[in-house]
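Please find below my comments on the structure, set out as numbered points for discussion.

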Amino acid sequence: MAKQLIQNASWLLTEDCNFKCDYCFVHKRPNVSKVEVGERLMWFLLNQKNATSKSTFSIGFFGGEPTLEWDVIEELVNIRNLHDKRNQVRFGMTTNASLLPPERRNFMKKNGMHALVSVDGPPQVQNIHRKTPDGKDTWPLIEDNIRGLIEEKLTNTARVTITRDTLKYMAYSVEYMLEMGFNNVAPTPVSDGYDPFQPKDYIEYDRQLDMLDHLVKKRIMAGKPPGMNYYQKCFRQLISGSQMTSPCGAGRGYIGVNWKGDIFPCHRFTQWPEWKLGNLEEGINQEEKRQMFLDYSTHKHSPKCISCNVLFCGGGCLASNYTNFGTMHKIDEASCTLSGIQFKHAKKLYEDMKDEPKFQEAYPGLFKKKKAKKGGNQEKKLTKRISNLEKELSELKKLTLKTSNAVLEIADRKGGV
Ligand code: SF4
Ligand code: SF4
């Protein structure tokens, strides 16, 4: 059976960075990739057995800071323009935005590229953890570029890393980013062992989400998207009433490729040689390892998820599970608690807004399906009722016939008396 088509890849084209954020999980060594690796990745995606001329693929430049290797990025995009006439391969990047002046943004625009910006919030929050290697503030290096990226529609998402000490600014940071013009902000608690959240932090997290609930409601009522991806995810699961059984596409439709061209289940797994799935020259040759990801389901691997009412989580980040326990199948209590708090808030908001036309307009497809399902159920019930009535009628007719025969018989007998 053909394996699932890999459509998305993050390419860690450099492990170097011009920032020195203290929570960063990339172990910085000056390993840098070459355009030939990117080219091989492009052909690896396009030449998969089950790819068709209609398949589309995305390569996300990742790092370290990928824009340090701008020449490589430009060269690969130009190669795509030359060879991939159908434009099947698209490019994006995860960047700190410090090296994206207008001329680079022009190149991005011309070539249909998008950026996901890693930024922690307003200047006073950004500058707490995100410093230059010589300890200087980074906000002055990014502000103009971020405003440019937003104005030129080259980004819509900000990834905001939340640490224990910046948790108290979470709602403010999200609001600030939305006011800057991002459409989607992903406040993400720090992972990979950096000063993990403690029980007292959950109270603050809950309080911050209370503030974000108001913000999300205000946005939806104004006809805007919620502004945060996990509210969106929770609403979708609540409307459909189904539970996610995996957290992401790692090792399925998504891979991470390191600077050498080795293939891993996702960008975070590239730090562990034991999770190498293959390389771009030979393809995926560790089929058993890949199969573990293709088979992953919380319903098979995590009994506690089956009875859990947190519909949007899918078992938590597999790389975080591996960091914490050396297996991707064991889930950290702390991440369950955080997911539970997020879901509780989204659910409360959903109950509050589900009958509001503005909310239903925001998810037209899903509500239509739900109504259709409901309508379909009603139709089924009606058909069953009619069929029962028909049966009853036919029984009644038989009974009437029997009765009339009996009456006739009696009449006959009476007549014969
Ligand atoms: S919150 Fe925990 S138990 Fe519930 S689905 Fe997520 S990982 Fe599983
Ligand atoms: S394993 Fe974790 S880091 Fe990797 S893609 Fe999934 S959610 Fe993201």
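The points below deal with one helix and with the surroundings of two ligands.

1. The structure is a predicted model, and the remarks that follow should be read as remarks on that model.

2. Helix 5 covers residues 139–151, 13 residues in total. From its first C-alpha to its last it reaches 18 Å, close to the 18 Å expected at 1.5 Å a residue.

3. The buried residues in helix 5 are Ile142, Asn145, Ile146 and Leu149. They lie on the same side of helix 5 because the arc they cover around the axis is only 110°. Pro140 and Glu151, on the other side of helix 5, are exposed.

4. What do the buried residues of helix 5 pack against? Their partners are two helices and two strands: helix 3 (102–110) and helix 6 (170–180), together with strand 4 (114–118) and strand 5 (155–162).

5. After helix 5 comes lysine 153, which has a positive phi, near 55°.

6. Around ligand 1 there are 13 residues, of which Cys305, Cys308, Val310, Cys313 and Cys336 come nearest. Helix 11 (303–306) and helix 13 (333–353) are the elements that give two or more residues to this shell. Helix 13 gives the most, with three residues. By class, the shell around ligand 1 holds six nonpolar, six polar and one charged residues.

7. Ligand 2 has Pro247, Cys248, Ala250, Cys266, Arg268, Cys317, Leu318 and Ala319 around it. The shell around ligand 2 comprises seven nonpolar residues and one charged, with no polar residue.

Terms used. Residues are numbered from 1 along each chain as its sequence is written. Chains are lettered from A and ligands numbered from 1 in the order in which they are written. This is a predicted model: local features need pLDDT of at least 70, side-chain atom pairs count only at pLDDT 80 or more; totals for chains, interfaces and linings use all residues. A residue is near a molecule or strand if its C-beta atom, placed from the backbone, lies within 6 Å of it. Ala, Val, Leu, Ile, Met, Phe, Trp, Tyr, Cys and Pro count as nonpolar, Asp, Glu, Lys and Arg as charged, and the others, Gly among them, as polar. Helices (H or I, at least four residues) and strands (E, at least two) are DSSP runs, numbered from the N terminus. The expected span of a helix is 1.5 Å times one less than its number of residues. A residue is buried if 20 or more other C-beta atoms lie within 10 Å of its own, exposed if 12 or fewer, and partly exposed in between; C-beta atoms are placed from the backbone. The arc is that of the directions from the helix axis to the C-beta atoms. Two residues are in contact if their C-beta atoms, placed from the backbone, lie within 7 Å.
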